[in-house]
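Dear colleague,

I am writing to hand over the structure discussed for your review. Please find it below, followed by a summary of what was found in it.

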Amino acid sequence: MHVNGVNLLWQKSTDNTERDWTSAKNHCNSLDLGGKADWRLPSRNELTLIVDYSTSKPAAPEVFDISNDEYWSSSANPRNDDKAFDVNFTEGEDFGFQSKNEKNYVLCVSGNLPTQTLTKIGEVIQDSLTGLIWQANDGITDVTFNRAKAYCENLTLNEKTDWRLPQIKVLPGV
């Protein structure tokens, strides 16, 4: 099933089997579903695309038949190769790394996201994947949400005045 206008085909439901990370990757790579045999474990960015932060238990669109639990991504922890990124669909927590020996559920994906390039143009960075423009340098650090929001709303940079804080869904891709 296609979700969020992205050219990825998702498995609608799991087989309710928890697997370690290597077994999860092997499961997806050997899956033959819907006449397709190019299934794989989704990356961190891909898996967070289907998190629905407006709901919980599970924090996923209703079209998915998945449990309130953790699901593997193919993204290993760059600082510790013994861990990989997972998403907890109970509340939509998408910031955890677990030992690859832990057992989590699997939701496979087919297709690929377009290639992302980030291009610095003066004081901003253009994201080819999302079309968003980012401030190139930290403006302020260690602040409250309200102060950060006010900073963005009052920012003028590269003759642009429509700055805002990013939505949580776009942060993993930066």
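A disulfide is taken here as a pair of cysteine sulfur atoms within 2.5 Å. By that criterion this model, which is a predicted one, holds one disulfide. The bond joins Cys28 to Cys108, with an S to S distance of 2.1 Å. The torsion about the S-S bond of Cys28 and Cys108 is about -85°, and the disulfide is therefore left-handed. Distant parts of the chain are linked by this pair: Cys28 belongs to helix α1, while Cys108 lies in the loop between β4 (93-99) and β5 (109-110), 80 residues apart. Both Cys28 and Cys108 are buried. Another cysteine, Cys152, also counts as buried, because its relative accessibility is 11% and the cut-off for burial is under 20%.

Helix α1 (residues 21-30) also contains His27. With a relative accessible area of 16%, His27 falls under the 20% limit and is therefore buried. Apart from its neighbours within four places in sequence, His27 is in contact with Asp15, Arg19, Val106 and Cys108. One of these partners, Cys108, is the residue to which the disulfide joins Cys28.

As to the overall architecture, the chain has three helices and eight strands. Read from the N terminus, the order of elements is β-α-α-β-β-β-β-β-β-β-α. Strands β2 (residues 70-77) and β3 (residues 80-88) pair in the antiparallel sense, over five bridges. A hairpin of two residues connects β2 to β3. Within this pairing, Glu70 has Asn88 of β3 as its bridge partner.

The interior may be described next. In soluble globular proteins, nonpolar side chains tend to be buried together. In this model the largest nonpolar core comprises 15 residues, and the members that touch the most others are Trp10, Leu47, Ile50, Ile66, Tyr71, Phe89 and Leu107. A second core, separate from that one, has ten residues, including Cys28, Leu41, Trp72 and Val106. Cys28 thus appears both in this second core and in the disulfide, and Val106 is both a member of the second core and a contact of His27.

Finally, some totals for the chain. Of its 174 residues, 33% count as buried. The exposed surface amounts to about 10300 Å², of which carbon and sulfur atoms supply 45%. Among contacts between residues at least 6 apart in sequence, 57% join residues at least 24 apart.

With kind regards

Conventions:
Residues are numbered from 1 along each chain as its sequence is written. This is a predicted model: local features need pLDDT of at least 70, side-chain atom pairs count only at pLDDT 80 or more; totals for chains, interfaces and linings use all residues. Side-chain values use heavy atoms; hydrogens and water are left out. A nonpolar core is a set of buried Ala, Val, Leu, Ile, Met, Phe, Trp, Tyr and Cys residues joined through side-chain atoms within 4.5 Å. Buried means under 20% relative accessible area, exposed over 50%, partly exposed in between (1.4 Å probe, protein chains only). Helices (H or I, at least four residues) and strands (E, at least two) are DSSP runs, numbered from the N terminus. Contact means heavy atoms within 4.5 Å. Accessible areas come from the Shrake-Rupley method with a 1.4 Å probe; for residues, only the protein chains shown count as cover. Two strands pair if DSSP finds at least two bridges between them.
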